[in-house]
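User: I'd like to learn how to read helices, sheets and cores in a model like this one. Could you walk me through it?

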Amino acid sequence: MSGRVLCNSQNGLWLFSPLSSIKSKSEHLRNGIFYRRNLPPLSSKRAAALFCCCSSNLRSSDGGVKPVTSEPFVLTTPLYYHGEKIATAATASGSSPTDHCNNISQAYKMLWRDLDIAYDKFIRTTDPHHEEIVKEFYSRVLANGDIYRADYEGLYCVNCEEYKDEKELLENNCCPMHLKPCVPRKEDNYFFALSKYQKSLEEVLAHNPDFVQPSFRLNEVQSWIKSGLRDFSISRASVDWGIPVPNDKKQTIYVWFDALLGYLSALSPEKENPTLQSAVSSGWPASLHLIGKDILRFHAVYWPAMLMSAGLSLPKVVFGHGFLTKDGMKMGKSLGNTLEPKDLVLRFGSDAVRYFFLREVELGNDGDYSEDRFINIVNAHLANTIGNLLNRTLGLLKKNCRSTVAVDSITAAEGSALKQTVEKLVEKAKGHYESLSLSLACEAVLEIGNAGNMYMDERAPWSLFKQGGAASEAAAKDLVIILEAVRIIAVALSPVTPSLCSRIWGGLKEGQVMAQPTPIFARIENKTEGEDGGETGNKKAVKDKKQTPQGQVVVEA
(Lines give C-alpha, C1' and ligand atoms only; values in the text may rest on other atoms or scores of the structure.)
Protein backbone atom coordinates (compact mmCIF):
# COMPACT_ATOMS: atom_id res chain seq x y z
CA MET A 1 0.00 0.00 0.00
CA SER A 2 1.25 3.45 -0.76
CA GLY A 3 0.20 7.05 -0.64
CA ARG A 4 0.93 10.49 -1.97
CA VAL A 5 0.03 14.13 -1.52
CA LEU A 6 -2.19 15.38 -4.32
CA CYS A 7 -2.50 18.96 -5.45
CA ASN A 8 -6.02 20.19 -6.15
CA SER A 9 -5.83 22.00 -9.47
CA GLN A 10 -8.80 24.22 -8.57
CA ASN A 11 -7.19 26.14 -5.77
CA GLY A 12 -3.73 24.68 -5.37
CA LEU A 13 -4.40 23.34 -1.89
CA TRP A 14 -2.57 20.28 -0.76
CA LEU A 15 -4.88 17.32 -0.27
CA PHE A 16 -3.77 14.37 1.80
CA SER A 17 -4.83 10.93 0.56
CA PRO A 18 -2.79 8.16 2.20
CA LEU A 19 -4.04 5.23 0.16
CA SER A 20 -4.54 6.89 -3.18
CA SER A 21 -1.51 5.62 -5.05
CA ILE A 22 -2.20 2.04 -6.13
CA LYS A 23 0.47 0.10 -7.94
CA SER A 24 -1.36 -3.15 -8.68
CA LYS A 25 -4.16 -3.63 -11.20
CA SER A 26 -6.62 -3.52 -8.30
CA GLU A 27 -6.63 -2.88 -4.59
CA HIS A 28 -8.37 -5.50 -2.47
CA LEU A 29 -8.60 -4.80 1.25
CA ARG A 30 -10.05 -7.40 3.60
CA ASN A 31 -10.72 -7.42 7.31
CA GLY A 32 -10.70 -10.73 9.14
CA ILE A 33 -13.51 -13.26 9.14
CA PHE A 34 -16.09 -12.59 11.83
CA TYR A 35 -17.19 -16.00 13.11
CA ARG A 36 -20.13 -15.08 15.29
CA ARG A 37 -22.68 -17.03 17.23
CA ASN A 38 -24.05 -13.87 18.82
CA LEU A 39 -24.11 -10.09 18.40
CA PRO A 40 -20.87 -8.30 17.42
CA PRO A 41 -18.50 -7.58 20.34
CA LEU A 42 -16.09 -4.71 20.84
CA SER A 43 -13.23 -6.69 19.27
CA SER A 44 -15.18 -6.99 16.00
CA LYS A 45 -15.91 -3.27 16.06
CA ARG A 46 -12.25 -2.39 16.40
CA ALA A 47 -11.22 -4.77 13.62
CA ALA A 48 -13.73 -3.23 11.25
CA ALA A 49 -12.81 0.31 12.26
CA LEU A 50 -9.15 -0.45 11.56
CA PHE A 51 -10.11 -1.91 8.20
CA CYS A 52 -12.28 1.08 7.36
CA CYS A 53 -9.54 3.51 8.42
CA CYS A 54 -7.08 1.82 6.07
CA SER A 55 -9.46 2.23 3.16
CA SER A 56 -11.62 5.27 3.87
CA ASN A 57 -9.53 7.82 2.00
CA LEU A 58 -10.52 6.04 -1.18
CA ARG A 59 -14.13 7.03 -0.50
CA SER A 60 -16.05 10.27 -0.39
CA SER A 61 -18.17 11.19 2.59
CA ASP A 62 -21.32 9.88 0.89
CA GLY A 63 -19.76 6.45 0.32
CA GLY A 64 -18.82 7.05 -3.31
CA VAL A 65 -15.36 6.60 -4.76
CA LYS A 66 -13.07 9.59 -4.77
CA PRO A 67 -11.58 10.35 -8.18
CA VAL A 68 -8.03 10.02 -6.91
CA THR A 69 -7.15 6.91 -8.89
CA SER A 70 -8.35 5.24 -12.05
CA GLU A 71 -7.54 1.78 -10.70
CA PRO A 72 -10.34 -0.40 -9.27
CA PHE A 73 -10.45 -1.47 -5.64
CA VAL A 74 -12.71 -3.61 -3.49
CA LEU A 75 -13.39 -3.32 0.25
CA THR A 76 -15.00 -6.43 1.68
CA THR A 77 -15.98 -7.84 5.06
CA PRO A 78 -16.92 -11.51 5.61
CA LEU A 79 -19.06 -13.36 8.13
CA TYR A 80 -18.69 -17.11 8.61
CA TYR A 81 -22.01 -18.81 9.32
CA HIS A 82 -21.39 -22.56 9.14
CA GLY A 83 -20.19 -25.10 11.64
CA GLU A 84 -20.89 -26.69 14.98
CA LYS A 85 -20.88 -23.54 17.10
CA ILE A 86 -23.36 -21.74 14.86
CA ALA A 87 -25.76 -24.66 14.80
CA THR A 88 -25.54 -25.01 18.59
CA ALA A 89 -26.17 -21.32 19.14
CA ALA A 90 -29.18 -21.38 16.82
CA THR A 91 -30.67 -24.32 18.72
CA ALA A 92 -30.11 -22.55 22.03
CA SER A 93 -31.93 -19.46 20.73
CA GLY A 94 -34.86 -21.54 19.52
CA SER A 95 -34.39 -20.67 15.85
CA SER A 96 -33.14 -22.32 12.70
CA PRO A 97 -29.50 -21.75 11.66
CA THR A 98 -30.71 -19.65 8.72
CA ASP A 99 -32.90 -17.37 10.85
CA HIS A 100 -30.19 -17.11 13.48
CA CYS A 101 -27.63 -16.05 10.88
CA ASN A 102 -30.02 -13.50 9.38
CA ASN A 103 -30.41 -11.83 12.77
CA ILE A 104 -26.66 -11.72 13.39
CA SER A 105 -25.98 -10.38 9.90
CA GLN A 106 -28.43 -7.54 10.39
CA ALA A 107 -26.83 -6.63 13.73
CA TYR A 108 -23.42 -6.34 12.07
CA LYS A 109 -24.74 -4.20 9.24
CA MET A 110 -26.43 -1.82 11.68
CA LEU A 111 -23.29 -1.48 13.78
CA TRP A 112 -21.11 -0.85 10.72
CA ARG A 113 -23.53 1.90 9.70
CA ASP A 114 -23.44 3.48 13.17
CA LEU A 115 -19.64 3.48 13.09
CA ASP A 116 -19.41 5.03 9.61
CA ILE A 117 -17.81 1.84 8.29
CA ALA A 118 -18.22 1.46 4.53
CA TYR A 119 -17.64 -1.63 2.43
CA ASP A 120 -18.27 -2.83 -1.12
CA LYS A 121 -19.39 -6.32 -0.23
CA PHE A 122 -20.78 -7.87 2.92
CA ILE A 123 -20.09 -11.57 2.49
CA ARG A 124 -21.92 -14.42 4.17
CA THR A 125 -20.66 -17.97 3.73
CA THR A 126 -24.28 -19.06 3.30
CA ASP A 127 -24.47 -17.21 -0.05
CA PRO A 128 -24.98 -19.53 -3.09
CA HIS A 129 -22.09 -17.84 -4.93
CA HIS A 130 -19.79 -18.67 -2.05
CA GLU A 131 -20.78 -22.35 -2.01
CA GLU A 132 -19.92 -22.74 -5.70
CA ILE A 133 -16.50 -21.16 -5.21
CA VAL A 134 -15.79 -23.42 -2.21
CA LYS A 135 -16.69 -26.56 -4.15
CA GLU A 136 -14.52 -25.59 -7.12
CA PHE A 137 -11.58 -24.74 -4.86
CA TYR A 138 -11.94 -28.03 -2.98
CA SER A 139 -12.06 -29.98 -6.23
CA ARG A 140 -8.94 -28.23 -7.53
CA VAL A 141 -6.96 -29.04 -4.36
CA LEU A 142 -8.27 -32.64 -4.45
CA ALA A 143 -7.10 -33.00 -8.05
CA ASN A 144 -3.67 -31.80 -6.94
CA GLY A 145 -3.43 -34.75 -4.54
CA ASP A 146 -3.53 -32.65 -1.36
CA ILE A 147 -6.77 -34.01 0.16
CA TYR A 148 -7.04 -37.48 1.66
CA ARG A 149 -9.34 -39.39 4.03
CA ALA A 150 -8.17 -40.67 7.41
CA ASP A 151 -9.11 -41.27 11.01
CA TYR A 152 -7.87 -38.74 13.51
CA GLU A 153 -7.87 -38.77 17.29
CA GLY A 154 -6.80 -35.91 19.51
CA LEU A 155 -7.75 -33.05 21.81
CA TYR A 156 -10.12 -30.63 20.11
CA CYS A 157 -10.94 -27.00 21.01
CA VAL A 158 -14.51 -26.30 19.94
CA ASN A 159 -13.96 -22.52 20.12
CA CYS A 160 -10.79 -22.58 18.01
CA GLU A 161 -12.25 -25.17 15.64
CA GLU A 162 -8.99 -27.13 15.62
CA TYR A 163 -7.11 -29.99 17.23
CA LYS A 164 -4.40 -28.96 19.67
CA ASP A 165 -0.99 -30.38 20.50
CA GLU A 166 -0.79 -31.33 24.17
CA LYS A 167 2.42 -29.33 24.54
CA GLU A 168 0.60 -26.07 23.77
CA LEU A 169 -2.22 -26.64 26.27
CA LEU A 170 -2.49 -25.36 29.83
CA GLU A 171 -3.32 -27.33 32.95
CA ASN A 172 -6.27 -29.72 32.56
CA ASN A 173 -5.79 -29.57 28.78
CA CYS A 174 -7.20 -26.04 28.63
CA CYS A 175 -6.87 -24.01 25.45
CA PRO A 176 -4.49 -21.07 26.10
CA MET A 177 -6.76 -18.77 24.07
CA HIS A 178 -10.20 -19.65 25.42
CA LEU A 179 -9.15 -21.14 28.81
CA LYS A 180 -11.58 -24.02 28.35
CA PRO A 181 -10.72 -27.74 28.41
CA CYS A 182 -10.21 -29.37 25.03
CA VAL A 183 -12.26 -32.49 24.44
CA PRO A 184 -10.97 -35.84 23.11
CA ARG A 185 -12.34 -36.66 19.67
CA LYS A 186 -11.90 -39.40 17.11
CA GLU A 187 -13.25 -38.73 13.62
CA ASP A 188 -13.20 -40.08 10.10
CA ASN A 189 -12.55 -36.91 8.06
CA TYR A 190 -10.87 -35.49 5.00
CA PHE A 191 -7.53 -33.81 5.60
CA PHE A 192 -5.47 -31.19 3.81
CA ALA A 193 -1.77 -32.06 3.38
CA LEU A 194 -0.39 -28.95 5.07
CA SER A 195 2.90 -30.69 5.91
CA LYS A 196 3.65 -30.94 2.19
CA TYR A 197 4.07 -27.14 2.07
CA GLN A 198 6.47 -26.77 4.99
CA LYS A 199 9.48 -25.87 2.84
CA SER A 200 7.44 -23.65 0.50
CA LEU A 201 6.11 -21.59 3.40
CA GLU A 202 9.58 -21.25 4.88
CA GLU A 203 10.82 -19.91 1.55
CA VAL A 204 7.92 -17.43 1.27
CA LEU A 205 8.73 -15.90 4.64
CA ALA A 206 12.48 -15.91 3.96
CA HIS A 207 12.13 -14.08 0.66
CA ASN A 208 9.27 -11.80 1.74
CA PRO A 209 9.54 -10.96 5.46
CA ASP A 210 6.91 -8.22 5.01
CA PHE A 211 4.29 -10.85 4.23
CA VAL A 212 3.39 -11.05 7.95
CA GLN A 213 3.24 -7.82 9.95
CA PRO A 214 4.16 -6.48 12.44
CA SER A 215 7.57 -8.15 12.69
CA PHE A 216 6.91 -9.83 16.03
CA ARG A 217 3.92 -11.58 14.46
CA LEU A 218 6.28 -12.85 11.76
CA ASN A 219 8.42 -14.39 14.49
CA GLU A 220 5.36 -16.24 15.82
CA VAL A 221 4.53 -17.63 12.39
CA GLN A 222 8.11 -18.72 11.74
CA SER A 223 8.13 -20.48 15.10
CA TRP A 224 4.94 -22.38 14.26
CA ILE A 225 6.34 -23.52 10.95
CA LYS A 226 9.72 -24.43 12.40
CA SER A 227 8.06 -26.68 15.00
CA GLY A 228 6.68 -28.80 12.18
CA LEU A 229 3.39 -28.53 10.30
CA ARG A 230 0.66 -31.11 10.69
CA ASP A 231 -2.09 -31.88 8.23
CA PHE A 232 -5.48 -30.58 9.37
CA SER A 233 -9.03 -31.80 9.08
CA ILE A 234 -11.23 -29.98 6.58
CA SER A 235 -14.51 -31.89 6.94
CA ARG A 236 -16.92 -33.16 9.59
CA ALA A 237 -19.27 -36.13 9.51
CA SER A 238 -21.07 -35.02 12.67
CA VAL A 239 -22.06 -31.51 11.49
CA ASP A 240 -24.96 -31.02 9.08
CA TRP A 241 -24.88 -27.19 8.97
CA GLY A 242 -22.31 -26.65 6.26
CA ILE A 243 -21.43 -27.09 2.58
CA PRO A 244 -21.44 -30.78 1.49
CA VAL A 245 -18.06 -32.25 0.51
CA PRO A 246 -18.20 -32.59 -3.33
CA ASN A 247 -16.99 -36.21 -3.33
CA ASP A 248 -18.79 -37.31 -0.13
CA LYS A 249 -22.27 -35.99 0.64
CA LYS A 250 -22.17 -37.55 4.13
CA GLN A 251 -19.63 -34.94 5.27
CA THR A 252 -19.58 -31.15 5.27
CA ILE A 253 -16.63 -28.87 4.57
CA TYR A 254 -15.43 -27.47 7.85
CA VAL A 255 -14.34 -23.98 8.82
CA TRP A 256 -11.12 -23.00 7.09
CA PHE A 257 -11.80 -24.63 3.71
CA ASP A 258 -15.09 -22.75 3.84
CA ALA A 259 -14.50 -19.50 5.74
CA LEU A 260 -11.21 -18.51 4.10
CA LEU A 261 -12.74 -18.90 0.65
CA GLY A 262 -14.94 -15.91 1.45
CA TYR A 263 -11.96 -13.79 0.44
CA LEU A 264 -12.31 -15.14 -3.10
CA SER A 265 -16.08 -15.48 -3.38
CA ALA A 266 -16.36 -11.80 -2.42
CA LEU A 267 -14.79 -10.95 -5.78
CA SER A 268 -17.11 -13.10 -7.85
CA PRO A 269 -19.29 -10.93 -10.14
CA GLU A 270 -22.87 -11.19 -8.90
CA LYS A 271 -24.50 -11.43 -12.34
CA GLU A 272 -22.24 -14.20 -13.60
CA ASN A 273 -21.94 -17.89 -12.81
CA PRO A 274 -19.42 -18.01 -9.94
CA THR A 275 -16.04 -19.46 -10.88
CA LEU A 276 -12.59 -19.20 -9.37
CA GLN A 277 -11.29 -17.66 -12.58
CA SER A 278 -13.86 -14.86 -12.59
CA ALA A 279 -13.22 -14.17 -8.90
CA VAL A 280 -9.43 -14.06 -9.30
CA SER A 281 -9.63 -11.83 -12.37
CA SER A 282 -11.79 -9.38 -10.40
CA GLY A 283 -9.06 -8.37 -7.99
CA TRP A 284 -7.06 -11.18 -6.43
CA PRO A 285 -4.57 -11.24 -4.73
CA ALA A 286 -5.67 -9.19 -1.74
CA SER A 287 -3.48 -6.23 -0.86
CA LEU A 288 -4.12 -6.59 2.86
CA HIS A 289 -5.66 -9.10 5.26
CA LEU A 290 -6.31 -7.23 8.51
CA ILE A 291 -7.05 -9.85 11.17
CA GLY A 292 -7.02 -10.54 14.90
CA LYS A 293 -3.95 -12.25 16.29
CA ASP A 294 -6.03 -15.27 17.36
CA ILE A 295 -6.56 -16.30 13.73
CA LEU A 296 -3.05 -15.46 12.52
CA ARG A 297 -2.04 -19.11 12.18
CA PHE A 298 -4.91 -19.80 9.80
CA HIS A 299 -4.22 -16.75 7.62
CA ALA A 300 -0.42 -16.89 7.58
CA VAL A 301 0.08 -20.68 7.46
CA TYR A 302 -3.07 -22.58 6.42
CA TRP A 303 -4.36 -20.09 3.85
CA PRO A 304 -1.08 -19.60 1.90
CA ALA A 305 -0.60 -23.37 1.67
CA MET A 306 -4.17 -23.81 0.44
CA LEU A 307 -3.64 -21.14 -2.21
CA MET A 308 -0.39 -22.75 -3.34
CA SER A 309 -2.17 -26.08 -3.72
CA ALA A 310 -4.87 -24.44 -5.86
CA GLY A 311 -2.29 -22.62 -7.97
CA LEU A 312 -3.35 -19.15 -6.83
CA SER A 313 -1.32 -16.13 -5.72
CA LEU A 314 -0.86 -15.27 -2.06
CA PRO A 315 -2.17 -12.07 -0.46
CA LYS A 316 0.43 -9.31 -0.25
CA VAL A 317 0.25 -8.64 3.49
CA VAL A 318 -1.28 -10.38 6.51
CA PHE A 319 -1.44 -7.98 9.45
CA GLY A 320 -2.38 -9.28 12.89
CA HIS A 321 -3.82 -6.75 15.32
CA GLY A 322 -4.03 -7.23 19.09
CA PHE A 323 -6.78 -7.66 21.66
CA LEU A 324 -8.56 -5.20 23.92
CA THR A 325 -8.86 -5.25 27.69
CA LYS A 326 -10.91 -3.06 30.02
CA ASP A 327 -9.26 -1.33 32.96
CA GLY A 328 -6.36 -3.75 32.63
CA MET A 329 -8.53 -6.87 32.74
CA LYS A 330 -9.59 -9.32 30.06
CA MET A 331 -13.21 -8.73 29.08
CA GLY A 332 -15.75 -11.48 29.62
CA LYS A 333 -19.38 -12.00 30.49
CA SER A 334 -18.40 -13.90 33.63
CA LEU A 335 -16.50 -10.85 34.86
CA GLY A 336 -19.35 -8.50 33.99
CA ASN A 337 -17.00 -6.06 32.28
CA THR A 338 -17.90 -6.43 28.61
CA LEU A 339 -18.23 -3.35 26.42
CA GLU A 340 -21.13 -3.11 24.01
CA PRO A 341 -19.98 -1.17 20.92
CA LYS A 342 -23.50 0.08 20.24
CA ASP A 343 -23.69 1.59 23.71
CA LEU A 344 -20.35 3.35 23.24
CA VAL A 345 -21.51 4.87 19.96
CA LEU A 346 -24.81 6.03 21.47
CA ARG A 347 -23.01 7.67 24.40
CA PHE A 348 -20.02 9.22 22.68
CA GLY A 349 -20.60 9.15 18.91
CA SER A 350 -18.76 7.22 16.21
CA ASP A 351 -15.94 9.74 15.79
CA ALA A 352 -14.97 9.64 19.45
CA VAL A 353 -15.06 5.84 19.55
CA ARG A 354 -13.07 5.44 16.36
CA TYR A 355 -10.51 8.06 17.37
CA PHE A 356 -9.79 6.57 20.78
CA PHE A 357 -9.26 3.00 19.64
CA LEU A 358 -7.21 3.96 16.59
CA ARG A 359 -5.17 6.64 18.36
CA GLU A 360 -4.57 5.00 21.74
CA VAL A 361 -3.99 1.40 20.63
CA GLU A 362 -1.07 1.02 18.25
CA LEU A 363 -2.05 -1.37 15.49
CA GLY A 364 -0.53 -4.78 16.18
CA ASN A 365 -0.37 -4.41 19.96
CA ASP A 366 -2.90 -5.18 22.66
CA GLY A 367 -4.71 -2.18 24.12
CA ASP A 368 -6.76 -1.20 27.13
CA TYR A 369 -10.03 0.72 27.45
CA SER A 370 -10.56 3.01 30.42
CA GLU A 371 -13.50 5.39 30.40
CA ASP A 372 -11.55 8.14 32.18
CA ARG A 373 -8.73 7.82 29.66
CA PHE A 374 -11.23 7.73 26.80
CA ILE A 375 -12.89 10.99 27.87
CA ASN A 376 -9.61 12.75 28.61
CA ILE A 377 -8.08 11.85 25.25
CA VAL A 378 -11.13 12.72 23.15
CA ASN A 379 -11.68 16.03 24.96
CA ALA A 380 -8.02 17.04 24.86
CA HIS A 381 -7.42 16.15 21.22
CA LEU A 382 -10.70 16.65 19.36
CA ALA A 383 -12.51 19.28 21.45
CA ASN A 384 -9.51 21.22 22.80
CA THR A 385 -6.67 21.11 20.31
CA ILE A 386 -8.64 20.97 17.05
CA GLY A 387 -11.98 22.39 18.14
CA ASN A 388 -10.52 25.25 20.12
CA LEU A 389 -8.30 26.24 17.21
CA LEU A 390 -11.26 26.37 14.85
CA ASN A 391 -13.42 28.18 17.39
CA ARG A 392 -10.87 30.89 18.06
CA THR A 393 -10.25 31.46 14.36
CA LEU A 394 -13.90 31.61 13.31
CA GLY A 395 -14.68 33.89 16.23
CA LEU A 396 -12.03 36.38 15.16
CA LEU A 397 -13.09 36.07 11.51
CA LYS A 398 -16.70 36.83 12.40
CA LYS A 399 -15.81 39.78 14.61
CA ASN A 400 -13.27 41.43 12.33
CA CYS A 401 -13.98 40.20 8.78
CA ARG A 402 -17.72 39.55 8.79
CA SER A 403 -16.94 35.81 8.52
CA THR A 404 -15.46 36.44 5.07
CA VAL A 405 -12.15 35.02 3.83
CA ALA A 406 -10.45 38.03 2.30
CA VAL A 407 -7.61 36.30 0.42
CA ASP A 408 -6.90 32.97 -1.26
CA SER A 409 -5.12 30.52 1.02
CA ILE A 410 -2.27 29.97 -1.45
CA THR A 411 -1.49 33.67 -1.51
CA ALA A 412 -1.85 33.99 2.23
CA ALA A 413 0.48 31.05 2.95
CA GLU A 414 3.39 32.22 0.77
CA GLY A 415 6.52 32.26 2.92
CA SER A 416 4.59 31.20 6.03
CA ALA A 417 6.50 29.18 8.59
CA LEU A 418 3.28 27.39 9.51
CA LYS A 419 2.87 26.21 5.92
CA GLN A 420 6.31 24.60 6.02
CA THR A 421 5.57 22.95 9.35
CA VAL A 422 2.25 21.58 8.12
CA GLU A 423 3.78 20.17 4.94
CA LYS A 424 6.40 18.29 6.98
CA LEU A 425 3.76 16.91 9.34
CA VAL A 426 1.57 15.84 6.42
CA GLU A 427 4.48 13.86 5.00
CA LYS A 428 5.08 12.38 8.45
CA ALA A 429 1.44 11.35 8.80
CA LYS A 430 1.40 9.95 5.27
CA GLY A 431 4.35 7.71 6.04
CA HIS A 432 2.68 6.40 9.19
CA TYR A 433 -0.57 5.66 7.35
CA GLU A 434 1.36 3.75 4.70
CA SER A 435 3.06 1.58 7.32
CA LEU A 436 -0.26 1.08 9.17
CA SER A 437 1.07 3.00 12.19
CA LEU A 438 -2.32 4.59 12.71
CA SER A 439 -1.64 5.84 16.23
CA LEU A 440 1.45 7.70 15.06
CA ALA A 441 -0.47 9.08 12.08
CA CYS A 442 -3.06 10.55 14.47
CA GLU A 443 -0.25 12.00 16.56
CA ALA A 444 1.30 13.71 13.54
CA VAL A 445 -2.06 15.22 12.56
CA LEU A 446 -2.57 16.45 16.12
CA GLU A 447 0.82 18.16 15.92
CA ILE A 448 -0.64 20.29 13.10
CA GLY A 449 -3.31 21.45 15.54
CA ASN A 450 -0.70 22.24 18.18
CA ALA A 451 1.33 24.16 15.60
CA GLY A 452 -1.77 26.11 14.57
CA ASN A 453 -2.55 27.09 18.14
CA MET A 454 1.04 28.15 18.71
CA TYR A 455 0.98 30.22 15.52
CA MET A 456 -2.22 31.90 16.69
CA ASP A 457 -0.67 32.79 20.06
CA GLU A 458 2.55 34.06 18.52
CA ARG A 459 0.86 36.17 15.86
CA ALA A 460 -1.89 37.48 18.18
CA PRO A 461 -4.21 38.58 15.34
CA TRP A 462 -6.63 40.16 17.83
CA SER A 463 -3.97 42.76 18.58
CA LEU A 464 -3.15 43.28 14.90
CA PHE A 465 -6.80 43.97 14.07
CA LYS A 466 -6.84 46.74 16.65
CA GLN A 467 -3.91 48.45 14.92
CA GLY A 468 -5.76 48.63 11.59
CA GLY A 469 -4.17 49.18 8.16
CA ALA A 470 -1.44 46.79 7.09
CA ALA A 471 -1.47 45.08 10.47
CA SER A 472 -5.17 44.31 10.07
CA GLU A 473 -4.55 42.89 6.58
CA ALA A 474 -1.78 40.68 8.01
CA ALA A 475 -4.15 39.46 10.73
CA ALA A 476 -6.77 38.54 8.10
CA LYS A 477 -4.12 36.51 6.25
CA ASP A 478 -3.16 34.77 9.48
CA LEU A 479 -6.74 33.62 9.97
CA VAL A 480 -6.85 32.22 6.44
CA ILE A 481 -3.59 30.35 7.02
CA ILE A 482 -4.94 28.84 10.25
CA LEU A 483 -8.25 27.89 8.67
CA GLU A 484 -6.35 26.15 5.90
CA ALA A 485 -4.34 24.26 8.52
CA VAL A 486 -7.60 23.12 10.12
CA ARG A 487 -8.92 22.02 6.74
CA ILE A 488 -5.78 19.99 6.17
CA ILE A 489 -6.26 18.42 9.61
CA ALA A 490 -9.76 17.41 8.54
CA VAL A 491 -8.52 15.79 5.35
CA ALA A 492 -5.60 14.04 7.05
CA LEU A 493 -7.71 12.75 9.94
CA SER A 494 -10.66 11.69 7.77
CA PRO A 495 -9.72 7.97 7.75
CA VAL A 496 -10.09 8.03 11.54
CA THR A 497 -12.97 10.47 12.14
CA PRO A 498 -14.81 10.68 8.79
CA SER A 499 -18.04 12.25 10.06
CA LEU A 500 -16.30 14.98 12.04
CA CYS A 501 -13.86 15.78 9.26
CA SER A 502 -16.50 15.98 6.55
CA ARG A 503 -18.06 18.87 8.49
CA ILE A 504 -14.96 21.03 8.67
CA TRP A 505 -13.08 20.57 5.43
CA GLY A 506 -13.56 22.65 2.32
CA GLY A 507 -11.53 24.82 -0.05
CA LEU A 508 -10.80 28.43 0.78
CA LYS A 509 -11.23 31.05 -1.94
CA GLU A 510 -10.97 34.81 -1.92
CA GLY A 511 -14.24 36.38 -0.80
CA GLN A 512 -15.71 33.12 0.52
CA VAL A 513 -18.17 33.65 3.36
CA MET A 514 -17.66 31.10 6.11
CA ALA A 515 -20.63 29.36 7.71
CA GLN A 516 -21.66 30.44 11.17
CA PRO A 517 -20.13 28.31 13.96
CA THR A 518 -22.25 25.23 14.57
CA PRO A 519 -21.46 22.82 17.41
CA ILE A 520 -20.64 19.38 16.05
CA PHE A 521 -18.46 17.87 18.79
CA ALA A 522 -19.37 18.79 22.35
CA ARG A 523 -16.94 18.05 25.15
CA ILE A 524 -17.72 14.81 26.95
CA GLU A 525 -18.55 15.19 30.62
CA ASN A 526 -17.50 12.30 32.84
CA LYS A 527 -20.52 11.47 34.99
CA THR A 528 -20.23 9.49 38.21
CA GLU A 529 -22.95 7.37 39.74
CA GLY A 530 -24.08 7.62 43.35
CA GLU A 531 -24.95 4.63 45.45
CA ASP A 532 -28.60 5.06 44.50
CA GLY A 533 -27.70 5.16 40.82
CA GLY A 534 -28.20 8.91 40.53
CA GLU A 535 -25.66 11.39 39.27
CA THR A 536 -23.51 12.94 41.96
CA GLY A 537 -21.65 15.38 39.78
CA ASN A 538 -18.95 15.63 37.18
CA LYS A 539 -15.55 14.06 37.61
CA LYS A 540 -12.97 16.55 36.50
CA ALA A 541 -10.90 15.17 33.66
CA VAL A 542 -7.13 15.24 33.99
CA LYS A 543 -5.74 18.02 31.84
CA ASP A 544 -3.26 17.29 29.13
CA LYS A 545 -0.50 19.83 29.80
CA LYS A 546 0.66 19.68 26.22
CA GLN A 547 -2.71 20.84 24.91
CA THR A 548 -4.07 24.32 24.47
CA PRO A 549 -6.70 25.80 26.81
CA GLN A 550 -10.00 23.97 26.94
CA GLY A 551 -12.44 24.68 24.12
CA GLN A 552 -16.12 23.94 24.13
CA VAL A 553 -16.89 22.48 20.74
CA VAL A 554 -15.59 21.63 17.33
CA VAL A 555 -17.48 23.78 14.89
CA GLU A 556 -18.24 23.79 11.22
CA ALA A 557 -16.01 25.77 8.91
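User: Let's start with helix α12 (residues 350-360): how many of its 11 residues are buried?

Analyst: Keep in mind that this is a predicted model. In α12, 10 of the 11 residues are buried, so the helix is mostly covered. The buried set includes charged residues such as Asp351, Arg354 and Arg359, along with Val353, Tyr355, Phe356 and Phe357.

User: And where are the buried residues of α6 placed around its axis?

Analyst: The general idea first: an α-helix has 3.6 residues a turn, so residues three or four places apart point the same way. Now the case here. Helix α6 covers residues 215-226, and Arg217, Leu218, Val221 and Ile225 are buried in it. They span an arc of only 105° around the axis, which means they sit on the same side of α6. The face turned away from that buried side carries Ser215 and Lys226, both exposed.

User: What covers the buried residues of α6?

Analyst: The cover includes two helices, α5 (198-207) and α10 (296-310), plus the strands β10 (212-213) and β16 (318-321). Just past the end of α6, Gly228 has a positive phi of about 105°.

User: How do I check a helix's length, say for α16?

Analyst: Compare its span with the one expected at 1.5 Å a residue. The 22 residues of α16 (residues 438-459) should span 32 Å, and the end C-alpha atoms are 32 Å apart, so the two agree. Right after α16, Ala460 takes a positive phi of about 45°.

User: On to sheets. What is the strand order in the open sheet of three strands?

Analyst: In general, strands of a sheet pair through backbone hydrogen bonds, either parallel or antiparallel. Here the order is β18-β17-β19, with mixed pairing. β18 (329-330) and β19 (367-369) are at the edges with a single partner strand each, so one side of each lacks a neighbour in the sheet. Strand β17 (residues 324-326) runs parallel to β19, joined by three bridges, and Thr325 is opposite Asp368 in β19.

User: Last one: which residues have the most contacts inside the largest nonpolar core?

Analyst: Those are Phe348, Phe374 and Leu493, in a core of 81 residues. Helix α18 (residues 469-493) gives the most to this core, 15 residues. Domain 1 (84-321) and domain 2 (349-507) each supply at least three residues. A second, separate core has 57 residues, among them Val212, Ile234, Tyr254 and Ala279. Back at Phe348, its contacts beyond four places in sequence are Val353, Tyr369, Glu371, Phe374, Ile375 and Ile524.

Notes: Residues are numbered from 1 along each chain as its sequence is written. This is a predicted model: local features need pLDDT of at least 70, side-chain atom pairs count only at pLDDT 80 or more; totals for chains, interfaces and linings use all residues. Side-chain values use heavy atoms; hydrogens and water are left out. A nonpolar core is a set of buried Ala, Val, Leu, Ile, Met, Phe, Trp, Tyr and Cys residues joined through side-chain atoms within 4.5 Å. Buried means under 20% relative accessible area, exposed over 50%, partly exposed in between (1.4 Å probe, protein chains only). Helices (H or I, at least four residues) and strands (E, at least two) are DSSP runs, numbered from the N terminus. Domain bounds come from an automatic or database domain assignment. Contact means heavy atoms within 4.5 Å. The expected span of a helix is 1.5 Å times one less than its number of residues. The arc is that of the directions from the helix axis to the C-beta atoms. Two strands pair if DSSP finds at least two bridges between them.
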